Amino acid sequence: MAEQMNIHIRNGRIIDPLNQVDSIQDLFISQGKVAAIGSMPDNFTADNTIDAQDQIVCPGLIDLSVRMREPGQEYKATLKSECAAAAASGITTCCCPPDTNPIIDTPAMANMLTHRGADIGLTQVLPIGALTKELGGEMLSDMHALNQAGCIALSNAGRPITNTLVMRRAMEYASSFDLLLILHANDPWLTSDGCMHEGEISTRLGLAGIPEATETAIIARDLALIEQTGVRAHFARISCGRSVDLIVQARERGLKVTADIAIHHLHLTDFDVGNFNSLCRVMPPLRSERDKDRLREAIALGHVQAICSDHQPHEKDAKLAAFSEAEPGISGLETLLPLGLKLVDENILDINTLISSLSSGPASVLGLKSGNLAVGNKADICIFDPASEYLLDIAKFRSKGRNSPFQHWPLKGHVVHTIHAGRLVYTVN
């Protein structure tokens, strides 16, 4: 593990959206924390000086969904490999969903992941606890004990809770302890054996479709329960424009609800499935061009608080089956920031909105103090070159998962340094 140092970052463009900072200044790190911005603090001697000329210095990125595949699926990836990929991507906090093997439904499992992440020391690993035992959707887990063991939130991952009474009881329990629920809206009966968005393209390809009502019907149900119970809830990986409308209306009524969007839903549509491209098989599925445009608008207007990678690394064989049988998911850690910067290049977002949606936005969802560069805060920092241009080469991924549909896309934005808790955990070669 790298040592904490006194670090002087000079000449960088510091962008800290939460504190409304966007200027070329120096930043000083001491004892793992931000010591000062602007003038050098008294009695400060730098152990390391980083020249960030023409580079952006921002809070370390916070990713709300990173499947590390450990424990249980180490043939796909490991904590060590995916933490290394996160560090190389400027990501200093990773939230791990509970569908590991064994499932994160006991304090022991939560403690194991937290401690393993701390031992690796490249990024903070925050486990998300199971909402129901074994994610079965019937018996509630001991949510309070999981929270006490370090689980940042509770979720049933992608496994639906079809019993509305169980969902109501889960929300009542969580509300009594002010716990955050992360909800995945998916009606299993409407989804059935569907594998892509229901529309003209699914019909042409002869593939079973997944209608947008799969998502919106469950969001409507859960919003009714949220209104009744007063629980804090976050809708993960929404994919439809109509879902945005429902959540915006709920927030206007005063409900404590937030949402995030996976970065690939801001760039790809069902059209990209093309000739059965299994790399574009994801859940929820890639939706229509109209949905993509509405999701982009939602981020730009602040209606959706966070963008995440929804990182799901797979071994090569997982994507070699027929489209409907291929395992869903994209290896997304190393394209999260570059694909976000592509939205800036296309004038969809400004740079401050992008950085907010990758740092202070997800921090506010989770109730964390991180995600900004306030003096005294833990020094989690990403330094990147926004102008560097390259064609994406998945062979260079640090993640063990090479399952990305963005191969050979022209991108910008190389992470140059990542600092986690005052430790320099990544420097570009």
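Reader: How do α4 and α7 stand relative to each other?
Author: In this predicted model, the axes of α4 (residues 164-176) and α7 (residues 213-229) come within 10 Å and cross at roughly 40°. An angle from 35 to 65 degrees is neither roughly parallel nor roughly perpendicular. The orientation of α4 and α7 is therefore oblique.

Reader: Is the crossing of α4 and α7 left-handed or right-handed?
Author: Two packed helices are described by the angle between their axes and the distance between the axes. For α4 and α7 the angle is roughly 40° and the axes come within 10 Å. The sense of the crossing of α4 and α7 is right-handed.

Reader: How many residues of each class, nonpolar, polar and charged, are in the contact of α4 with α7?
Author: On α4, the contact involves Thr 164, Met 167, Arg 168, Met 171, Glu 172 and Ser 175. On α7, Arg 221, Asp 222, Leu 225, Ile 226, Gln 228 and Thr 229 take part. By class, the nonpolar, polar and charged residues number four, four and four.

Reader: How many disulfides does a search of the whole structure find?
Author: A disulfide requires two cysteine sulfur atoms within 2.5 Å. The cysteine sulfur closest to that of Cys 94 is in Cys 83, at 6.1 Å, which is too far for a bond. For Cys 308 the closest cysteine sulfur is in Cys 95, at 9.4 Å, again too far for a bond. Over the whole structure, the number of disulfides found is zero.

Reader: What is the relative accessible area of Cys 308?
Author: Residues under 20% count as buried. Cys 94 is buried at 1%. Cys 308 is also buried, and its relative accessible area is 0%.

Reader: What is omega of the peptide bond from Met 283 to Pro 284?
Author: Most peptide bonds are trans. Pro 284 is located in the loop between β14 (257-262) and α9 (289-300). The bond from Met 283 to Pro 284 is cis, and its omega is near -5°.

Reader: Which residue does a cis peptide bond join to Glu 70?
Author: The bond in question has an omega of about 5°. The partner of Glu 70 lies in the loop between β6 (61-63) and α1 (79-88). That partner is Pro 71.

Reader: What is phi of Ala 421?
Author: Most residues other than glycine have a negative phi. Ala 421, in the loop between β17 (410-420) and β18 (423-427), is buried with a relative accessible area of 12%. The phi of Ala 421 is positive, near 55°.

How values were computed: Residues numbered from 1 in each chain as written. Predicted model: local features only at pLDDT ≥ 70, side-chain atom pairs only at ≥ 80, totals over all residues. Heavy atoms only, no water. Axes fitted to C-alpha atoms, helices over the stretch in contact; angles between N-to-C directions. Helix = DSSP H or I, 4+ residues; strand = E, 2+ residues; numbered from the N terminus. Parallel < 35°, antiparallel > 145°, perpendicular 65-115°, else oblique. Left-handed = near helix turned anticlockwise from the far one by under 90°. Contact = heavy atoms within 4.5 Å. Nonpolar A, V, L, I, M, F, W, Y, C, P; charged D, E, K, R; others polar. Buried < 20%, exposed > 50% of the residue type's maximum accessible area, 1.4 Å probe, protein only.
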